[in-house]
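User: Could you take a close look at one part for me, the second chain and the strand in the middle of its pairing? I'm new to this, so please go step by step.

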Amino acid sequence: MADEPDYSSRVALPPRTRVAVGGAREVTESLFTSGDRKKKIQGTIFLGLLLFGLSIALISIAAMITWAFVAGGPRLNTNLFTNVPSVVTPENAGYRTAILGTLYVIGGVIVLIVPLGVGAAIYLEQFANPANKFNRFVDLNIQNLAGVPSIVFGILGLAFIVRGPLSLGFVAAAGSLTLALLVLPTVILASREAIRAVPSSIRDGSLALGATVWQAVWRQVLPAALPGILTGVILAVSRAIGEAAPLLLVGAVTFVTFNPSFFEGGYSTLPTMIYSYAKRPQEELQVLAAAGVVVMLVLLIMINSVAIYLRNRFERTW
Amino acid sequence: MKVTRRAAFAATALTSALVLAACGGSSDGGETTTPTSDPTTSAAPSPTETGGGELTGSILIDGSSTVGPLTEPAAELFMQANPGVQVTVAVSGTSGGFEKFCNGETDGNNASRAIKEAEIELCGENGIGYDNITVANDALTVLVNGEAPVACMTVEQLNAIWTEGSSITTWGQIPDLDVPAEFADTPLSLYGPGTDSGTFDFFTEAINGEEGLIRIDYTSIGEDDNAAVTAITGDVGAMGYVPFAFYQEAGDAVKGIGIDGGDGCIDPTAENVQNGIYTPLGRPLFVYASDKALQQDATVAFFEFYINNSDQIADIAGAVGLTDEQKAEQIAKVQALAGG
């Protein structure tokens, strides 16, 4: 006991440093030696698996994009965007009508899913009583709907939108409605997560200052949740833009040479055209299919970049 | 700030509208031109046409993805001659197409098989009168690798290979087939389309005697006939069957073998199909036309154009054109349906 003041009086830092270093060494050794070596290995394996997963995702997407550019290379020019489809002269064929068709359909999807999806999410998160059986039933169904195969929505669209109650016929609007139903669960789920992630103090503070529930939601919660909601919209649009199967059922054609309109006449979309061309025996058409993949990527990035810009603008930390 | 936020929020919904407006505007300028038209491939007006530019209307054809590639160039050439008519072609499959056709929603249905009983009933219920118009011929081609020392097979041999429960696994086991001794042990790998394909239905019926009857241990290439060509190119012991168009585009790495249906070996060629001697794998490709649709002059003109220009259209799509006799028969069918 008598030694202690002696140590400290002689040199103030070394003993403390020694204690700190000794402690750190002990911790480090305990991490690296015998008993806990297993944990260290587990950690390494886990990290390896994470990197493996990431690299698989990156490699497959890089391979796909590279393939599209290489295989479609001979056709990557402005004709691809401005010309109409042609099987008589495939070397000059373009995707103009399909690009417009896709923009019409996806435009309709966005206009439908943003208000409907966000509205449903606000109700379920801010107004609905989670203990209520009906609300829980709705909740469960939305989650299950996200996993329903897209062709089922195509059949639904054919029966209720193209024919039946709505009777829109084989038009772009019917395609929009069908795809909107398909991706609505994605938007609702993502929006709910985003709304839930807004600190309750924001909402409570707003209410405490005399705001109505609606004012708190509209002026505080929604702007704060916007980045997360936009992520959901990006995911939904990315899925919708690539769908071919349900659209074939609700009237997307593979050959149309006139610009589409929303409520009448035939329309085509990029995935249905690519799907059709990729199966043909003619090499020119297969090249055209690969070039179509590039066109679709460009279009998808264009649409999503707007959402990404908005998301970054509204991103904030608490 | 409130306004900005609200505007930005709304902008998400309006994004598409803006993009649309921009794209729509830029492309409208080119709408009336047909950049793809090429004077050398433009169709001469057919004799039965009423003259270019006078016809107006819209025609929607749906159905088989085998016949669709034939109807597309037909539509394209027809619209070059008749800019006032809008023809669209969809491919929701023969069955899906008949469902719409018999509901009166389409003007014609591409079909790689004949209409079935249930579909006939549906058409009857909805008062749709129809007829099958043969628009081209196809030769289902049995493909082998270019290196395989085989040039011809009988229907019996094909049946022995493909029938349900067949135990043939090497080339030497094929009954009565002369192959060099060193090739006899080569494993026989089989490729065929999936069960949803009209090509599958036709082949099983023609070779195995019953639609859908086939051995189960072959590799299904689904709906993508190119996959069969690729597989056979890379495997000397492979065999598969594809529509004529895929054989024509496949090059020398694969070869289409002759079929002996009892009268000697008949090669898969356009002439043999047209002469009707490539049996049993020669087949007609149909477009079903409805009487209702043929009340429109443009639709009648389209079908007549399709039939009369069958050679050029079939050439583009890789199928086999109609003979003069077939043309006369089919024109008569169209006129009968339009008149009745």
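Analyst: Start with the outside of chain B: its accessible surface comes to about 13,700 Å², and 51% of that belongs to carbon and sulfur atoms. Keep in mind that this is a predicted model. Now go inside. Chain B has 340 residues, and 53% of them count as buried. It is built with 12 helices and 13 strands. If you take the contacts in chain B with a separation of 6 or more, 74% of them are between residues 24 or more positions apart.

Next, zoom in on strand 3 of chain B, which covers residues 108-111. G108(B) and N110(B) point one way from this strand, while N109(B) and A111(B) point the other way. That fits a general pattern: in a regular strand the side chains alternate between the two faces of the sheet. Are these residues of strand 3 of chain B buried or exposed? Every one of the four is buried, whichever way it points.

Which strands does it pair with? One is strand 1 of chain B (residues 57-63), which runs parallel to strand 3 of chain B and is joined to it by three bridges. In that pairing, D62(B) has N109(B) as its bridge partner. Another is strand 13 of chain B (residues 282-290), and here the pairing with strand 3 of chain B is antiparallel, over four bridges. You can pick out one bridge by finding A111(B) and its partner F286(B).

For a contrast, hop over to chain A. Helix 3 of chain A, residues 34-72, holds A71(A). With a relative accessible area of 24%, A71(A) is partly exposed, because buried would mean under 20%. Leaving aside residues up to four places away in sequence, A71(A) touches V287(A) and A290(A). L47(A) lies in helix 3 of chain A too. L47(A) belongs to a nonpolar patch on the surface, whose members include F46(A), L50(A) and M64(A). Together the patch residues have about 790 Å² of accessible area.

Finally, the nonpolar interior. In soluble globular proteins, nonpolar side chains tend to be buried together. The largest nonpolar core here has 76 residues, and Y95(A), I113(A), L270(A) and Y277(A) touch the most other members. Helix 5 of chain A gives the most to this core, with 13 residues. Apart from it lies another core, of 40 residues, with F255(A), L285(B), I307(B) and V334(B) among them. Back in the largest core, look at what Y277(A) touches: its contacts include Y95(A), L285(A) and, over in chain B, E72(B).

Conventions:
Residues are numbered from 1 along each chain as its sequence is written. Chains are lettered from A and ligands numbered from 1 in the order in which they are written. This is a predicted model: local features need pLDDT of at least 70, side-chain atom pairs count only at pLDDT 80 or more; totals for chains, interfaces and linings use all residues. Side-chain values use heavy atoms; hydrogens and water are left out. A nonpolar core is a set of buried Ala, Val, Leu, Ile, Met, Phe, Trp, Tyr and Cys residues joined through side-chain atoms within 4.5 Å. Buried means under 20% relative accessible area, exposed over 50%, partly exposed in between (1.4 Å probe, protein chains only). Helices (H or I, at least four residues) and strands (E, at least two) are DSSP runs, numbered from the N terminus. Contact means heavy atoms within 4.5 Å. Patches are made of residues with over 30% relative accessible area and no salt bridge: like charges are joined within 9 Å, nonpolar side chains (Val, Leu, Ile, Met, Phe, Trp, Tyr) within 5 Å. Accessible areas come from the Shrake-Rupley method with a 1.4 Å probe; for residues, only the protein chains shown count as cover. A salt bridge is a side-chain nitrogen of Lys or Arg within 4 Å of a carboxyl oxygen of Asp or Glu. Two strands pair if DSSP finds at least two bridges between them.
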